[in-house]
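Trainee: I'm new to this one. Could you walk me through its pockets and its ligand, one step at a time?

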Amino acid sequence: MANGCGLAEHPVGEAASPRRLAVLVSGRGSNLQAILDAIADGRLAAEIAGVFSDKRGCAALTRVPAPLRWSRDAKSFPDRAAFDLELGDAVAAVRPDWVVCAGYMRILGDGFVQRFAGRLVNIHPSLLPKHRGLHTHRRALEAGDAEHGASVHWVTPELDAGDVIAQTRIAIQPGDTPETLAARLLPAEHALLLETLRGLVDGRIPPPPA
Ligand code: GRF
């Protein structure tokens, strides 16, 4: 039976052992909190192996105990590759089954993407391939779109261009602003991310094309 995100439903917890998630964040962390809540009440058979950020002191990091946090100021590195290498080493050290970009706002370079290819996903607040990049809510309104949404996709070196795994849609209403649209989309984003993670964790979602 299909649910709102188009994925077949299966009982939680079919996976042998909790799948280890490394979560990349840069800001508020509401998607991370949705994951934490789903794990806590048994809706997601996974565990947080670590939370990683390019923004020291971002609110998302405070949602997990200190031993699970890793952050470095990306600006203190000579270049993207140097930062990504250190981030990649830290992520690999926690042996994640899945690496989840949940509000991670920094572009990941080829090195990192290749290193975690096939287990690296991102949630993006638009109906990809529409509105890649930033300011998606404003751009959907400016484009006169009738509907908006969010996408979970495999991460590739090209920004927001990896194959879409699942999407959720909302109608754009008269009088919508980027703020009202973002606020109405956020709970749908959380549900989409959880449903997709469930599909990854219990093997219903096949790996991306090689
Ligand atoms: C979300 O809208 C996500 O789609 C986008 O950044 C926002 C992050 O929100 N990439 P939060 O930090 O998870 O609350």
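Mentor: Sure, and one bit of vocabulary before we start: Ala, Val, Leu, Ile, Met, Phe, Trp, Tyr, Cys and Pro count as nonpolar, Asp, Glu, Lys and Arg as charged, and the others, Gly among them, as polar. Also keep in mind that this is a predicted model.

Trainee: Got it. How do the residues lining the largest pocket divide into nonpolar, polar and charged?

Mentor: The lining of the largest pocket is made up of 35 residues. Sorted by those classes, they come out as 16 nonpolar, 14 polar and five charged.

Trainee: Which element gives the most to that lining?

Mentor: Four elements each supply two or more lining residues: helix H1 (30–40), strand E5 (120–124), helix H4 (136–142) and helix H5 (178–201). The top contributor gives four residues, and that is H5.

Trainee: How much space lies in the largest pocket?

Mentor: Start at the middle, where Gly 103, Tyr 104, Met 105, Ile 123 and Pro 125 lie nearest the centre. The space in this largest pocket is about 800 Å³.

Trainee: Where does the ligand sit?

Mentor: Look at the residues around the ligand: Arg 28, Gly 29, Ser 30, Asn 31, Gly 103, Ile 123, Pro 125 and Glu 189. Gly 103, Ile 123 and Pro 125 are also among those nearest the centre of the largest pocket. The space the ligand takes is indeed the largest pocket.

Trainee: What classes make up the shell around the ligand?

Mentor: Ile 123 and Pro 125 are in that shell, and both Ile and Pro count as nonpolar. Arg 28 and Glu 189 are there too, and Arg and Glu count as charged. The full split is two nonpolar, four polar and two charged.

Trainee: How far is the side chain of Arg 28 from an oxygen atom of the ligand?

Mentor: Polar contacts here are N or O pairs within 3.5 Å. Glu 189 has a polar side-chain atom 2.6 Å from a ligand oxygen, and a polar backbone atom of Gly 29 is 2.8 Å from one. For an N or O atom in the side chain of Arg 28, the distance is 2.5 Å.

Trainee: What share of the ligand's accessible area does the protein cover?

Mentor: On its own, the ligand has 370 Å² of accessible area. The share covered by the protein is 88%.

Trainee: And how much space lies in the second largest pocket?

Mentor: Its lining has 13 residues, with Trp 154, Val 155, Thr 156, Pro 208 and Pro 209 closest to the centre. By class, that lining has eight nonpolar, four polar and one charged. The space in the second largest pocket is about 180 Å³.

Trainee: Last one: which residues does the cis peptide bond join?

Mentor: Go to the loop between E5 and H4, where you'll find Pro 129. His 135 is in that loop as well, with a positive phi of about 55 degrees although it is not a glycine. The cis bond has an omega of about 10 degrees and joins Leu 128 and Pro 129.

Methods: Residues numbered from 1 in each chain as written. Predicted model: local features only at pLDDT ≥ 70, side-chain atom pairs only at ≥ 80, totals over all residues. Heavy atoms only, no water. 1 Å grid on protein atoms, 1.4 Å probe; cavity = no way out; pocket = protein on both sides within 12 Å on 5 of 7 lines; lining within 4 Å. Points joined across faces, edges and corners; volume = space filled by probe spheres on them. Near = heavy atom within 4 Å. Polar contact = N/O pair within 3.5 Å; in protein donor to acceptor, adjacent residues only side chain to side chain. Areas by Shrake-Rupley, 256 points an atom, 1.4 Å probe, with all protein chains shown as cover. Sits in = over half its atoms within 2 Å of the grid points.
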